[in-house]
Amino acid sequence: NHKDDLAAAFCHGDASRTLVAAGYCLYSATTVMVLTLGSGVDGFTLDPDTGRFLQTHSDLRIPSRGPIYSFNEANYRDFDKP
């Protein structure tokens, strides 16, 4: 079946040719899931009343230029010295 084929591809290091989706979730005051199925990236926010993710961001993109490119390094001036 398809699920077993995908699992086998990941185990054998062939995921780059068979990957059909990628995503991550951010948990904070709200829960946001960012997902791509290979054509664009969309964001979904969890509605705590219904337990469903609602699409809240379409066609997300990283700016080609910007002052911050990393969450951690952006604030390095505020870090305590080791």
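This passage walks through the fold of the protein and then looks at a handful of its residues.

The model described here is a predicted one. At the coarsest level, the protein has two helices and four strands. Following the chain from start to end gives the pattern α-α-β-β-β-β, with the helices coming before the strands. The protein has 82 residues, and 11% of them are buried. Its exposed surface comes to about 7,500 Å², and carbon and sulfur atoms account for 56% of that area. Another number says something about how the chain folds back on itself: taking the contacts with a separation of 6 or more, just 2% are between residues 24 or more positions apart.

Now for the sheet. The four strands form an open sheet, lined up as β1-β2-β3-β4 with antiparallel pairing. At its edges sit β1 (residues 22-27) and β4, each of which pairs on one side only. Going from one strand to the next, the twist averages 30°. As background, strands of a sheet pair through backbone hydrogen bonds, and they can do so in a parallel or an antiparallel way. Here, β1 and β2 run antiparallel and are joined by six bridges. Within this part of the sheet, tyrosine 27 stands opposite threonine 31 of β2.

Threonine 31 is a handy place to start a closer look. This residue belongs to strand β2, which covers residues 31-36. Is threonine 31 buried or exposed? Its relative accessible area is 15%, and because the limit for buried is under 20%, threonine 31 counts as buried. Setting aside neighbours within four places in sequence, threonine 31 is in contact with Leu26, Phe44, Thr45, Leu46 and Phe53.

Further along the same stretch, methionine 33 is also found in strand β2. With a relative accessibility of 23%, methionine 33 falls in the partly exposed class, since that class begins where the buried one, under 20%, ends. Apart from residues up to four places away in sequence, methionine 33 touches Tyr24, Cys25, Asp42, Gly43, Phe44 and Phe53. There is also a C-alpha distance to mention: methionine 33 and glycine 23 are 10 residues apart along the chain, and their C-alpha atoms are separated by 7.0 Å.

Next comes strand β3, made of residues 41-47, where phenylalanine 44 has its place. Phenylalanine 44 is buried, at 18% relative accessible area. Its contacts, not counting residues up to four places away in sequence, are Thr31, Val32, Met33, Leu35, Phe53, Leu54, Gln55 and Thr56. Both threonine 31 and methionine 33 appear in that list. Phenylalanine 44 and histidine 57 are 13 residues apart along the chain, with 6.6 Å between their C-alpha atoms.

Threonine 45 sits in strand β3 too. What relative accessible area does threonine 45 have? The value is 19%, so threonine 45 is classed as buried. A polar contact of 2.8 Å links its side chain to the side chain of threonine 56. Leaving out residues up to four places away in sequence, threonine 45 touches Thr30, Thr31, Val32, Arg52, Phe53, Leu54, Thr56 and His57. Threonine 56, then, turns up both as the polar partner of threonine 45 and among the residues that threonine 45 touches.

The last stop lies beyond the sheet strands, in the segment after β4 (52-57), where aspartate 59 is located. The backbone does something worth a second look here: phi of aspartate 59 is near 50°, a positive value in a residue other than glycine. Aspartate 59 is partly exposed, with a relative accessibility of 42%. Side chains of opposite charge can pair when their charged atoms come close. How many salt bridges does a search of the whole structure find? The search finds one. The side chains of aspartate 59 and arginine 61 meet in a salt bridge, with 3.3 Å from N to O. The arginine 61 end of this pair is exposed, at 66% relative accessible area, while the aspartate 59 end is partly exposed.

Methods
Residues numbered from 1 in each chain as written. Predicted model: local features only at pLDDT ≥ 70, side-chain atom pairs only at ≥ 80, totals over all residues. Heavy atoms only, no water. Buried < 20%, exposed > 50% of the residue type's maximum accessible area, 1.4 Å probe, protein only. Contact = heavy atoms within 4.5 Å. Pairing = 2+ DSSP bridges. Axes fitted to C-alpha atoms, helices over the stretch in contact; angles between N-to-C directions. Areas by Shrake-Rupley, 256 points an atom, 1.4 Å probe, with all protein chains shown as cover. Salt bridge = Lys/Arg side-chain N within 4 Å of Asp/Glu carboxyl O. Polar contact = N/O pair within 3.5 Å; in protein donor to acceptor, adjacent residues only side chain to side chain.
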